[in-house]
Amino acid sequence: LGEIRGHRGALEALPLPSLRERVAALAGEGRDVPEVPTLGDLADDPAALAAAAARAAGDLALVAEGLEELAGERRRLEENLLDRARAATADLIPPVRGGLPEVAQAVAAACREQARAVAAARAEEERTRERLETARRLEEEAASLERRAAVLAALAAELRADRIIHFLQLEALRVLAAAASERLSELSGGRYRLLYQGDEFYVVDTWNGEEARSARTLSGGETFLASLSLALALSEQVRSLAVSERARLESLFLDEGFGTLDPETLETVVDAIEQLGSDGRVVGVITHVPELAVRLPVRVEVVKSPRGSRVEVRS
């Protein structure tokens with residue numbers, strides 16, 4: 001009896017409940033596997049115990065066969081998944097020996113490495129963006145400095161001794177031409193004005209549609225009027241054109257040319273000469289025109305006679 005009870009205790013000690021849980025977990029939902037047997041209540045009858053043990057052994061054999069089929073299916077599935085995983089990762093990671101766990105580990109390591117590479121690439125992108133911004137700013141500064149250098153170079157060229165003197169001469173001639181233009185307009189009855197362009201004097205003929213022509217085309221009398229206008233303007237403008245207050249034109253001599261003037265123009269010229277000498281400036285006129293000579297306050301006349309020439313001063 002004691003031996004029978006020992007066999008019954010051994011049968012009852014079989015971990016069938018935990019085995020059922022493990023089989024269910026391995027099979028998963030929807031899997032058709034044999035049920036793990038239950039022994040139920042065992043009697044002390046040896047025949048009954050033997051029959052229960054035989055039934056349990058048969059049922060466990062069926063469970064083993066089902067688990068073996070499940071294991072085979074799992075192996076085939078794993079091999080299929082492994083082939084697909086290796087094909088999918090062939091261009092991403094080096095060949096991996098082993099099964100799915102090793103491939104999964106290699107993929108995880110590759111993911112971590114790729115994440116670090118992405119982070120490094122983004123950091124490099126940010127540094128590149130900053131360098132590009134710096135380059136753009138430096139390019140703008142360089143362009144600004146180039147423009148400034150061009151201006152300074154042009155200014156340096158203009159300030160060379162030969163260029164600055166030429167510039168001052170041009171400005172002086174323009175000022176002189178503007179002042180002489182007013183004088184010529186008065187002397188010519190409003191017909192002519194003077195203009196200085198391209199290192200040459202031009203006369204503007206208001207009676208001929210404001211035509212500008214070279215001063216060389218003027219007649220003798222007109223040339224004298226233009227020259228007299230420039231001389232009168234020079235006597236008035238020399239102080240403003242000078243760089244020192246000591247530069248004064250205190251005397252002016254006009255030699256001939258008055259014989260080509262008509263009486264009306266001669267009268268205008270005489271008035272201009274009188275105005276020119278009204279501020280203390282000495283104005284000397286050399287002329288053979290008696291109508292002009294008698295208008296001068298002091299005359300030095302050369303009188304010719306058979307016995308020779310003599311000089312007389314008259315006022």
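## Exercises on strands, core and pockets

Strands β4 and β5 pair in the parallel sense, over five bridges. Keep in mind that this is a predicted model. Let's work through it together.

**Exercise 1.** Find the bridge partner of Asp-255 in β5, then work out which side chains of β4 are buried.

*Solution.* Start at Asp-255: across in β5, the bridge partner is Ile-286. Next, walk along β4, which covers residues 251–255. Leu-252 and Leu-254 point to one face and are buried. Ser-251, Phe-253 and Asp-255 point to the other face and are not buried. This fits a general pattern: in a regular strand the side chains alternate between the two faces of the sheet.

**Exercise 2.** Follow Leu-254 into the largest nonpolar core and name the elements that build this core.

*Solution.* First, take the core as a whole: it has 29 residues. Leu-254 is among those with the most contacts inside it, together with Leu-228, Phe-258, Leu-261, Leu-266, Val-269 and Leu-292. Then turn to the elements: α5 (161–187), β1 (192–197), α6, β4 and α7 each give two or more residues. Of these, α6 gives the most, with seven residues.

Now pick Leu-292 and look beyond its neighbours within four places in sequence. Its contacts there are Phe-258, Leu-266, Val-270, Val-285 and Thr-287. Phe-258 and Leu-266 are also on the list of core residues with the most contacts.

**Exercise 3.** Describe the largest pocket by volume, lining and class of residue.

*Solution.* Begin with the space, which is about 850 Å³. The lining has 27 residues, and the closest to the pocket centre are Val-285, Thr-287, Leu-296, Arg-299 and Val-300. Two of these names, Val-285 and Thr-287, appeared among the contacts of Leu-292. Next, assign the lining to elements: α7 (263–276), β5 (282–286), α8 (290–293) and β6 (299–305) each give two or more residues. The most come from β6, with six. Finally, sort by class: 16 nonpolar, four polar and seven charged residues.

**Exercise 4.** Do the same for the second largest pocket.

*Solution.* The volume here is about 280 Å³. Of the 15 lining residues, Leu-187, Ser-188, Leu-225, Asp-262 and Thr-265 are the closest to the centre. Both α6 (220–241) and α7 supply at least two residues of this lining. By class, the lining has five nonpolar, six polar and four charged residues. Helix α7 thus links the exercises: it contributes to the core, to the largest pocket and to the second largest pocket.

Technical notes: Residues are numbered from 1 along each chain as its sequence is written. This is a predicted model: local features need pLDDT of at least 70, side-chain atom pairs count only at pLDDT 80 or more; totals for chains, interfaces and linings use all residues. Side-chain values use heavy atoms; hydrogens and water are left out. On a 1 Å grid over the protein atoms alone, a cavity is a set of points where a 1.4 Å probe fits but cannot get out, and a pocket is an open set with protein on both sides within 12 Å along at least five of seven lines; lining residues have an atom within 4 Å of a point. Grid points are joined across faces, edges and corners, and a volume is the space filled by probe spheres set on the points. Helices (H or I, at least four residues) and strands (E, at least two) are DSSP runs, numbered from the N terminus. Ala, Val, Leu, Ile, Met, Phe, Trp, Tyr, Cys and Pro count as nonpolar, Asp, Glu, Lys and Arg as charged, and the others, Gly among them, as polar. Buried means under 20% relative accessible area, exposed over 50%, partly exposed in between (1.4 Å probe, protein chains only). Two strands pair if DSSP finds at least two bridges between them. A nonpolar core is a set of buried Ala, Val, Leu, Ile, Met, Phe, Trp, Tyr and Cys residues joined through side-chain atoms within 4.5 Å. Contact means heavy atoms within 4.5 Å.
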